[in-house]
Amino acid sequence: MSEDAKMTTPDAAQKPAQRGVIIRTRDLKKSYQMGEVTTQALRGIDIELYRGEFICVMGPSGSGKSTFFNMVGGLDSPTSGRVFIDEVDVAQLNAIELAFLRCRKIGYIFQTYNLVQYMTCLENVTVPMAFAGVSADEARERGMNLLELVGLADRWFHKPIEMSGGQQQRTAIARSMANNPSVLLCDEPTGNLDLKTGAEVHNVLQRLNKERGVTILCATHDHRLISMADRIMWVRDGQVERVADRSDVTVQTGTIGGKEDE
Amino acid sequence: MKAVQIQEQTRLPLGKCIELVLSGVKYRLFRASITVAIIALATAFLMTMLSESVTARKVADAIQVRTAPRDRFLFWVARTSAAMTPSQLDAQLKVAEPDSARWREFKGWGKLSDTQLTQLAALATEQLDDYQKFFDELSEGNRRHLVGRVSGTEIFEWLLDEENFDAFTARMAKSDAVLDKPLGDFRQFLTDWKQTQPLRQAICTGHQAAVEAFARQAGGRAPRDVFAVADENLIEILTGAGMEMTTEDLEVVRQQASLSVDAGRIASAFNIPGVKSELAKRRDLAVSEVNLPILFQELDSTGGAEWFVELNATLADDASGLAKLQLSAERVRQVAHSKLGESQLSVVEATVSQDTTSEGMLGFSGRTLWLIAVSFLVCIVGIANAMLMSVTERFREIATMKCLGATDGFIMINFVLESVMQGIAGGVVGTALGFLLGAGRSWAKYGYLAIEQLPMQQILSVAGLSLFVGVGISAMAAVYPAWIAARLAPMEAMRIE
């Protein structure tokens, strides 16, 4: 583990591994009790994510991808093992501290966007700021800046229902960035989008990663997203099958039905 | 490595919470208004039941006050016309206070001591009723089986026979009839009752003598006619016969008697040939359709009364004298008015006595209590269901909010606030609706008396109760699912959906 603690703003020129660890899991296990049967969703995951890297997680459905995400994001508690975010043990936090963590340290992006239907685009973006105690005026200003960043500044007054999927997902990305989190967790962010609208989301995610140095953990089957990643992690049967730098992997893009790896 | 400083999450001010809730309610206006409508309906149902009940009681009380003078008059007519039977005496003994006017009369008539009368009253109040009720409530078959064909107080006579009582005891043991007092007590009561029978008889005999004494003084006139022209002397006459009448009583009885006499005069004047056809012409009815109530309706106006007096003057035969009205138009109208009121009251009285009894909790009858309990249940189940639905269908929203940093407390406050707002809206609308419905129904049932006697004080307190139930149940019904949702890990909440 690198001990370059002096690093405060990540430098894009540096190799991610040199910037320090932001998320670390130790023997992470999760099992679900379904009546008599116990399902092992995670069978011990040990992984280190570096500050400012873009890592894609791949795996068939039922492989434990989503469970892993929820553990890392503090959305669910592990059966055993530990998750450290910025060296804080998530399992040690109480409900109110967890709310603090979710509000300021992690941004969530869901496949189904999960925007609040009755709020405008801008209101959606400022909700986490309200939870963080930011004043309304400041929240509005910051919210507009974020919308500008994702290219939706002119649509701030629209309700989710009046926007396309891509626009909704970009709103969700702006919302996830509301309190400048260090990590973005994306669960199939382009899963519900077509190529064109998906591309809008790719661009925004890439810019956030390169320009703002946000660490992005992304579960996806979208080859174009994978091609942007620094590292790729394969999960199978609740275990890490393989982790590789993207440069070591050939990803075919632009074809429909292209193979996952090789 | 720079560790993050983890702190407690900021708590949102209440104003911000209310703002968020309101924007949510505004978006789901249709869904929210259905929830509000359910709460309103349930509250309205409860409110209708409660307000109707309190109105019925108030109306019943008002009727009692209004019919009291007439009841007193009828009471005096009855007791000066004929002696009471022993069972009527028992009924009166139950309400007679020691050393009241009635009490002294009974003592005088039967020439009894206070102790004897007290024993009689105690038997009547504490035991007779219970045993009579037991036999009255037996099924026909059971009674035949237990005591044979005898009924009423004859049963007691029959049971006094040792042999009969033994047979009764044996049959009781086998039957499903339950007498909630020991048979030994019943046996004792029968003996006491038999022993005191002569005392009862003595009072009735004394009463008979008093009635006869009064009749002698009246010189063959009916009590009603005596009362109608009574003065202070009447009290002395009654005292001579062993009856006590106060000057206050006298005044009331005289007024009622004179009303009754004058009404009788009007009725006989109505029977003079020609009057009916005149009235039919005036009311634009067929002759066969006119009757006394219609006449009274006509007379309850200055014009009508004057018409009738003039008509009587032209038609009445001086020689017969009987049908001569001898009343002023003003008096005719007064009598007609009070007669009309009386008949209206008796109709309402019949209705209201079905809705109220002196028994039961809070003065409501068993039937009313049952209806209130049912409406309460409907209210609770309806509101709980509405709130449960509106929370569970929003688990995803709750989960999203938690991902964005909402604390469990915020989720709770959010839902409780929302349900309280809906509860207040539904409660106010429902209470108002229920009040209107209740008042309308009372009005339909009891007429103008219900509106005149509307017990605003009680209505306000039952309105408070319904409102409280509406708001309270809404809040309570929302707290539980919201608490469950708030405590769930966000991902679990999303999975449930």
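Student: Is the crossing of H13(B) and H14(B) left-handed or right-handed?

Tutor: Good place to begin! In this predicted model, the crossing of the two helices, H13(B) and H14(B), is left-handed.

Student: What makes H13(B) oblique to H14(B)?

Tutor: Look at the angle. The axes of H13 (residues 275–283) and H14 (residues 292–299) of chain B come within 11 Å and cross at roughly 60°. Roughly parallel needs an angle under 35 degrees, and roughly perpendicular begins at 65. The crossing angle of roughly 60° fits neither, so H13(B) is oblique to H14(B).

Student: Which residues meet there, in H13(B) and H14(B)?

Tutor: From H13(B) come Leu279(B), Arg282(B) and Arg283(B), and they meet Ile294(B), Leu295(B) and Glu298(B) of H14(B). Three of the residues in this contact are nonpolar, three are charged and none is polar.

Student: Now to a single residue. Why is Ala60(B) called buried?

Tutor: Count its neighbours. Ala60(B) has 23 other C-beta atoms within 10 Å. The cut-off for buried is 20 or more, so Ala60(B) is buried. You will find Ala60(B) in helix H2 (residues 29–81) of chain B. Ala350(B) is 290 residues from Ala60(B) in sequence, yet their C-alpha atoms are 9.9 Å apart in space.

Student: How many residues does the contact take from chain A and from chain B?

Tutor: Chain A gives 31 residues and chain B gives 27. On the chain B side, helices H1 (14–27), H18 (395–403) and H22 (490–496) each supply at least two residues. That side of chain B divides into twelve nonpolar, eight polar and seven charged residues.

Terms used
Residues numbered from 1 in each chain as written. Chains lettered and ligands numbered in written order. Predicted model: local features only at pLDDT ≥ 70, side-chain atom pairs only at ≥ 80, totals over all residues. Axes fitted to C-alpha atoms, helices over the stretch in contact; angles between N-to-C directions. Helix = DSSP H or I, 4+ residues; strand = E, 2+ residues; numbered from the N terminus. Parallel < 35°, antiparallel > 145°, perpendicular 65-115°, else oblique. Left-handed = near helix turned anticlockwise from the far one by under 90°. Contact = placed C-beta atoms within 7 Å. Nonpolar A, V, L, I, M, F, W, Y, C, P; charged D, E, K, R; others polar. Buried ≥ 20, exposed ≤ 12 C-beta atoms within 10 Å, placed from the backbone.
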